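Please look over the sequence and the coordinates first, and then follow the account below.

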Amino acid sequence: MNLKEWIKTLTFYEILLGMKATMSHLLHYKPITLQYPHEKRALPSNYRGMLALLRYDDGTEKCVGCDLCEAACPSRVIRVVSSEVPGEPTKRYSKEYYMDMTRCLFCGLCVKACPVDALGMTQEYEWAVYDKRQLQLNKQQLLAIGDRNFPVREKRLEFQHPNVAYFNVGFKDIPQKEA
Amino acid sequence: MDTGIRLALTLGQIGAVMVAVLLTVALLTLLERKVLGWMQDRMGPMEVGPYGILQPVADGLKLFFKEDIIPAGANKFMFSLAPVLSLVPALIGFAVIPFGPDWTVDVGGVNFKPFVITDINIGILYILAFASIGAYGIILGGWSSNSKYSLLGGLRSAAQLISYELNVGLSIVGVLLLSSSLSLVTITNAQAGGFWNWYFFAWGSFPQAIAFVVFIISAVAETNRTPFDLPEAESELVAGFFTEYSGMRFAFFFLAEYGNMILVSCVATVLFFGGWHAPFEFLQGPESLHWLTGMFWFTFKVYGFLFLFFWLRATLPRLRYDQLMRFGWKVLLPIALGNIVLTAIVEYIFP
């Protein structure tokens, strides 16, 4: 060790340098803490939060019970029981729809897989519960989540694109294309 | 009659000092978390009360109502005794600290010193002796818990306290040579007149600055504070010697640690920084106001040292065990011994 290093050791130079750093943080106090329950950070628009089932603007469920979301889910969160719409044998819907949110990893593959955009990801993330059974959601709960998070609903596909042919011809209650 | 008055006065004084120390401990728990937070760009406690100022109350209530657990296989007597053995020496040292001017008041025929509980002529020795007893509480608490972590913490603290108490004792010998007294009141009175008379600077004699550095490092080690917090190393030993303690027994250890911090700050203030004396004579005010300015300057200096403790904790990581031992025995001890020799020579040549 040369003289300079000796002097540095004897005067605790490195320790004083560190203490200067902490003191400068005290004097220029700028906390990076977000006081979470009182302040919340802005979420990005593509935030993948709680899953929800959606409706069309006339209140009918979008889901056609095709099971593609169940097939796409890597964690086996979703269970769909599909059946015919009563009285309309050409149309199907999900009679029962269950999600076990304890297993969900919020990858969004089910939303991508859905052919009718019946699933959506909301910005909700405060889903801590005291009983984990409360995280096993049924269709009504998922629809309710969708209702409270997406107040603006889509029109039916046939109204969105009135000039495009659509497959579901079984509807009797909607205006048909003029011949 | 005289005995009754003396007893009442002394008990009142003890009560006042105890309340002041315990309130300071409560304040310190909040202050430490706040200062640490501020230094690390955090906020510290913010939830209980405005800006978290009621946090000590919440902590105290929580500790008071927690279940008191004695682990299976623990030595119950020793387990209960250890927190008391730790707390009492921490508080008892305040008996000889002069908090204000050395006045003697005549109350009903009894000579009464309002700012020091008892002015015994071996004050500093008394504090050192009781600080050593405090180590017993830590070692017994670690041993009687029937837990490996506690035992390791206790053993570490035994070795650490023995090696660093020696340095505390040797580093203050220089001050004792200059003041030729062990009484803290006499030592304080010898430093009157301005900051150049404080033993840290010691104008006209050998300055005790080096001894002060040795003392403050050893004091940090003796109070088990970072960077010498090996006995309670959270990341290695869970909590060290008080891993198994809960509720009020844990609170006793906690009080003891902070009480010790205040005590060594008081001792450092008295020995090296002139106790209740202001840095300049005119800051002391008129004679009749000495009690106020004296108490102010004493508190100011003590809080300065306490801030230094927090500052060190926010800055430094924990030492390794062999580094701790090497630093204590190979660095601090020779420096303290050299300081004694130099002070003695200078004091002999320029008496």
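A residue is taken as buried if 20 or more other C-beta atoms lie within 10 Å of its own. By that criterion, in this predicted model, B:Ile187 counts as buried because it has 25 C-beta neighbours inside 10 Å. B:Ile187 belongs to helix H7 of chain B, which comprises residues 184-189, and, when its neighbours within four places in sequence are left aside, it is in contact with B:Val175, B:Ser179, B:Ser181, B:Val270 and B:Leu271. By contrast with these contacts, the C-alpha atom of B:Val35, a residue 152 positions away along the chain, is separated from that of B:Ile187 by 32 Å.

From chain B we turn to chain A, which is divided into domain 1, residues 1-30, and domain 2, residues 51-158. The centres of these two domains of chain A, taken over C-alpha atoms, are separated by 59 Å. Helix H1 of chain A, residues 3-10, lies largely in the open, because the number of buried residues among its 8 is 0. H1(A) is followed by A:Phe12, a residue whose phi is positive, near 55°.

Another part of chain A is built from strands: E2(A), residues 78-85, and E3(A), residues 88-100, pair in the antiparallel sense over 8 bridges, and within E3(A) it is A:Tyr97 that stands opposite A:Val80. The two strands form a hairpin with 2 residues between them, and in the turn A:Gly87 has a positive phi of about 85°.

It remains to ask how the chains meet. Across the interface, 11 residues of chain B are in contact with 12 residues of chain A. On the side of chain B that touches chain A, the elements that give two or more residues are helix H1 (2-39) and helix H11 (290-315) of chain B, and H11(B) gives the most, with 3 residues. The residues on this side of chain B divide into 7 nonpolar, 2 polar and 2 charged.

The partner of H11(B) to consider in chain A is helix H2, residues 13-27, and the two helices pack at an angle of about 100° with their axes 9 Å apart. Since angles of 65 to 115 degrees count as roughly perpendicular, H2(A) and H11(B) are therefore roughly perpendicular to each other. In this contact A:Gly18, A:Met19 and A:Thr22 of H2(A) meet B:Trp311, B:Ala314 and B:Thr315 of H11(B), and the residues involved divide into 3 nonpolar, 3 polar and no charged.

Definitions and conventions: Residues numbered from 1 in each chain as written. Chains lettered and ligands numbered in written order. Predicted model: local features only at pLDDT ≥ 70, side-chain atom pairs only at ≥ 80, totals over all residues. Contact = placed C-beta atoms within 7 Å. Helix = DSSP H or I, 4+ residues; strand = E, 2+ residues; numbered from the N terminus. Nonpolar A, V, L, I, M, F, W, Y, C, P; charged D, E, K, R; others polar. Axes fitted to C-alpha atoms, helices over the stretch in contact; angles between N-to-C directions. Parallel < 35°, antiparallel > 145°, perpendicular 65-115°, else oblique. Pairing = 2+ DSSP bridges. Buried ≥ 20, exposed ≤ 12 C-beta atoms within 10 Å, placed from the backbone. Domains from an automatic or database assignment.
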